[in-house]
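Let's walk through this protein together, one stretch at a time. Keep the viewer open and follow along as we go.

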Amino acid sequence: MTSHLIPTYAPPDLVFERGEGVWLYDAKGDAWLDFIAGIAVDCLGHCHPALVKALEDQAHKLWHLSNMFEVPAREELASRYCENSFADLVFFTNSGTEAIEGALKAARKYHAARGNADRIEIVTFQGAFHGRSYGAINAGGNPAYMKGFGPLMEGFTQIAFADEAAAKAAITGNTAAVLIEPVQGEGGLRAAPDEFLRLLRKLCDETGALLIYDEIQCGAGRTGKMFAHEWSGAQPDIMAVAKGVGGGFPLGAWLTTKAVGEHMVVGTHGSTYGGNPLAMAVGIAVWDEIMKPGFLDHVTQMGQLLKQQMAALADTYPDMIEDVRGKGLLCGIKLKEPYVNREVMGLARERGLLSGAAGDNVLRMAPPLIITEEHARKAISVLDEALAAARKKD
Ligand SMILES: *Cc1c(COP(=O)(O)O)cnc(C)c1O
């Protein structure tokens, strides 16, 4: 059958009909263990009862008003975000890339409002991924994502990830902002050392640059803290979130301090859907589940278990696995050539385990945060079989 979809994706020949918790089911009732969770989005698994209820209740009341009118739930969710983070102000979006756009605009506006309209330079890191809109692809700096789409945007400088000397050289009085994922997602699950984030904070303080975190993938509890940067204690001036904060409903946001956000006055920015009542209802339910006592400790424990078991696999397959990567439940293995992440991912899928690929030949796991020890052991045993099968093929 001819597809009428723009061919930007090449999914496998597999159709899921429903999901429940950590499992996906096809029409025949066959089950897959979902360790990629819509790319770190379905943080509470599929069809979590609290999210289903929140969405259903709201669906009977009010779907959409736009930002022409107040939606009290916006204040409610924003106050949850602000009471538990560095932030004073929140702008809601529908996706990650929009959150990044807002963050970049707010950073430049901050300097412009202080009489430095030409202070536009954004420092980013190799291996970064910030989304697919124009600003985001220029920030991500991946040539494959920019080619053919017209001239590059001015004002982006990219340096090596977690390179202290490069950061010291690049962050100057011309820098508007430094943008970093505390744990790189698409780029290969590299976690920035805590000392590196603290150094960035210090360099930004010294030069007056703003520090922006992209916590779209690593936030929402995924590393065992609500936001990944909390492990370092180095707070940002602006932070983009999406993916997990909506638990499967399209929701993102950028959060910032009063000093930055107060310049984004009426008319400077907007969104028709941002902060939509349905998204707010689900966002509040997601937040409250993650904040339940013991939830984040559970994530940390499961992350440690997975990491230990991946390290054991690395001992079993020293010729295939170079490294265990990531933090918490955003983790994976970097494969050695000639083994290819996508091939192992396919072999695991044939055996009932869904995982993902990331840059740098990394096989990525981002399961729902509600996995149990049993799920983790099952995933590792399937991965073990997939690695054995890949080696045999070779
Ligand atoms: C997914 C992702 C984005 C883009 O989010 P979209 O919702 O796809 O626009 C940006 N940054 C990071 C770190 C991501 O993982």
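Start at helix α12, residues 341-350, where Asn341, Val344, Met345, Gly346, Leu347 and Ala348 are all buried. Bear in mind that what you're looking at is a predicted model. What do the buried residues of α12 pack against? Their partners are the strands β12 (330-335), β13 (353-354), β14 (356-358) and β15 (362-365), along with helix α13. Step just past the end of α12 and you come to Gly352, which takes a positive phi of about 95°.

Since α13 has just come up, let's follow it. This helix covers residues 373-393, and its axis comes within 10 Å of the axis of α11, which covers residues 295-316. The two axes cross at roughly 25°. Anything under 35 degrees counts as roughly parallel, so that is the label for α11 and α13. As for handedness, their crossing is right-handed. If you want to see who meets whom, look on the α11 side for Met302, Leu305, Leu306, Gln309, Met310, Leu313 and Thr316. Facing them from α13 are Glu373, Ala376, Arg377, Ile380, Leu383, Asp384, Leu387 and Arg391.

Now zoom out to the domains. The chain divides into domain 1, made of 16-34 plus 295-393, and domain 2, which runs over 50-290. Measured out between C-alpha centres, the two domains lie 28 Å apart. How many residues does each domain put into the contact? Domain 1 supplies 22 residues and domain 2 supplies 21.

Next, the nonpolar interior. In soluble globular proteins, nonpolar side chains tend to be buried together. Here the largest nonpolar core has 90 residues, and the ones with the most contacts inside it are Phe35, Tyr81, Ile180, Leu200, Ile321 and Leu387. Both domains have a share in this core, with at least three residues coming from each. You've already met Leu387, as one of the α13 residues at the meeting with α11. For a view from another spot in the core, click on Tyr81: leaving out residues up to four places away in sequence, it touches Val90, Phe92, Val245, Leu251, Ala253, Leu255 and Trp287.

There's also a second, separate core of 23 residues, which includes Ile100, Tyr110, Phe156 and Ala242. Let's stop at Phe156, which sits in strand β6, residues 156-159. Is Phe156 buried or exposed? Its relative accessibility is 18%, so Phe156 counts as buried, the cut-off being under 20%. Phe156 and Ile122 are 34 residues apart in sequence, but their C-alpha atoms are 4.9 Å apart in space. Ile122 is also among the contacts of Phe156, together with Leu104, Arg108, Glu121, Thr124, Gly135, Asn138 and Ala139 (neighbours within four places in sequence aside).

Two more residues round off the tour. Ser133 is in the loop between β5 (121-125) and α5 (134-140). With residues up to four places away set aside, Ser133 touches Thr97 and Glu101. Its C-alpha is 10.0 Å from that of Met146, 13 residues away along the chain.

Finally, find Glu289 in helix α10, residues 277-290. With a relative accessibility of 13%, Glu289 counts as buried. Beyond its neighbours within four places in sequence, Glu289 is in contact with Leu44, His48, Ala50 and Phe295.

Note on methods
Residues are numbered from 1 along each chain as its sequence is written. This is a predicted model: local features need pLDDT of at least 70, side-chain atom pairs count only at pLDDT 80 or more; totals for chains, interfaces and linings use all residues. Side-chain values use heavy atoms; hydrogens and water are left out. A nonpolar core is a set of buried Ala, Val, Leu, Ile, Met, Phe, Trp, Tyr and Cys residues joined through side-chain atoms within 4.5 Å. Buried means under 20% relative accessible area, exposed over 50%, partly exposed in between (1.4 Å probe, protein chains only). Domain bounds come from an automatic or database domain assignment. Contact means heavy atoms within 4.5 Å. Axes are lines fitted to C-alpha atoms, for helices over the stretch in contact, and angles run from 0 to 180 degrees between N-to-C directions. Helices (H or I, at least four residues) and strands (E, at least two) are DSSP runs, numbered from the N terminus. Angles under 35 degrees count as roughly parallel, over 145 as roughly antiparallel, 65 to 115 as roughly perpendicular and the rest as oblique. A crossing is left-handed if the near helix is turned anticlockwise from the far one by less than a right angle, and right-handed if clockwise.
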